[in-house]
Amino acid sequence: MTNTPIIGFIGLGKMGAGFTSRLVESGYSVIGYDIDDTCCQAARARGVDIAESPAQVAECAEIIQVCVISTTAVEAVLLGEGGLVEVTQGQGKTVIDHSTTELETTRRLAKTLMERTGMQFVDAPVSGGPGAAAEGRLAIMAGGDQVTIDALQPLMNTLGKCTRMGEVGAGQATKLINQALVLSNYCVIAEACNLGNRFGIDVSKIPDALSSGYAGSNLLNDLLPRMVENDFEPRGYARQILKDLHMLQDAANALNVSMPMAGTANSLYSMLVSQGKGELDGAAIVSLLEGVTPERAS
């Protein structure tokens, strides 16, 4: 690939591994950073150069992608010691935050970064998981300047389908809608799995049986087989799902919007995490309904 920008990537965990694998395989030069040295070494083996700080990533790259675990972690990457705010020349650089973060904090961080470095900021949370990241099948919800997002389309097209939803913050708002749909459905699919088991039918056939009807979905195809097999090896973590549900509830409360289904999911995942299962995949929610005690995934 020629005439492609150098990509910086901060956050080399499960999602970051999928992202950077896709980028390297697509011909991009990638320089990355993570606070976990194990993640850095794994990324190096995939062909990613490793920097000593987020600021060093941004000094070397034209586009800096961020995918970390929380709003606090995003703020540390941008404004903390060794953060992007220390970059001496940010004009012409763009930061893309793929994390799921608080909407108002996203807007504040974007404004601060522009004022102090001149960097453009796009909030672009994703849906699809590490496998979709590695295969370029992500759903990407972007908020930011139209011209900036248009310029990013060649990169975004490599990673999946990117839709501009509005100005900065609109991506995070859309991700909360995604989480309301997806995470409530985790619980509904778990209920359906348990019901099918009680009927004594072969639940593994459900996705195929329902594929041409309204119940067929990408989530059903991915999630139900793992619930059937009690496969709770984390693609993502139950504790992260609970974090997102808390964020969703806070946003809904601020708008005085009632979300009883998401509230039920919040309660169920609170129970799951309180049982010490926060490091399992979100599919482990089925264990609350069927009485299975999953082993902690290693």
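Is V85 buried or exposed? In this predicted model, V85 is buried, because its relative accessible area is 12%, a value that falls below the 20% cut-off for buried residues. The residue is located in the loop that runs between α4 (71-79) and β5 (94-97). When residues up to four places away in sequence are not counted, V85 touches L78, L79, L113, R116 and T117. With respect to R235, which lies 150 residues apart from V85 along the chain, the C-alpha separation is 31 Å.

The nonpolar interior was examined next. The largest nonpolar core comprises 30 residues. Within this core, the residues with the most contacts are Y186, I189, L223, M227, L245, Y269 and I285. Four helices, α8 (170-199), α10 (218-228), α11 (238-254) and α12 (260-274), each contribute at least two residues to the core. Of the elements involved, α8 provides the largest share, with 8 residues. Another core, of 29 residues, lies apart from the largest one and includes L12, A43, I96 and A133.

The surroundings of Y269, one of the residues with the most contacts inside the largest core, were considered individually. Leaving aside neighbours within four places in sequence, Y269 is in contact with L183, Y186 and C187, with A238, I241, L242 and L245, and with G282 and I285. Among these partners, Y186, L245 and I285 are themselves listed with the most contacts inside the core.

Two asparagine residues show positive phi values, each in a residue other than glycine. For N230, phi is near 50 degrees, and the residue is placed in the loop between α10 and α11. N230 counts as partly exposed because its relative accessibility is 33%, which is between the limits of 20% and 50%. For N256, phi is near 60 degrees, and the residue is found in the loop between α11 and α12. N256 is exposed, since its relative accessible area is 73% and the cut-off for exposed residues is over 50%.

At the surface, L195, F199 and I201 make a nonpolar patch of about 330 Å². Of these residues, L195 is found in helix α8, the helix from which the largest share of the 30-residue core also comes. L195 counts as partly exposed because its relative accessibility is 48%. Helix α8 thus supplies residues to the largest nonpolar core and holds L195 of the surface patch.

Terms used:
Residues numbered from 1 in each chain as written. Predicted model: local features only at pLDDT ≥ 70, side-chain atom pairs only at ≥ 80, totals over all residues. Heavy atoms only, no water. Core = buried A, V, L, I, M, F, W, Y, C linked by side-chain atoms within 4.5 Å. Buried < 20%, exposed > 50% of the residue type's maximum accessible area, 1.4 Å probe, protein only. Contact = heavy atoms within 4.5 Å. Patch = residues over 30% accessible without salt bridge, like charges linked within 9 Å, V, L, I, M, F, W, Y side chains within 5 Å. Areas by Shrake-Rupley, 256 points an atom, 1.4 Å probe, with all protein chains shown as cover. Salt bridge = Lys/Arg side-chain N within 4 Å of Asp/Glu carboxyl O.
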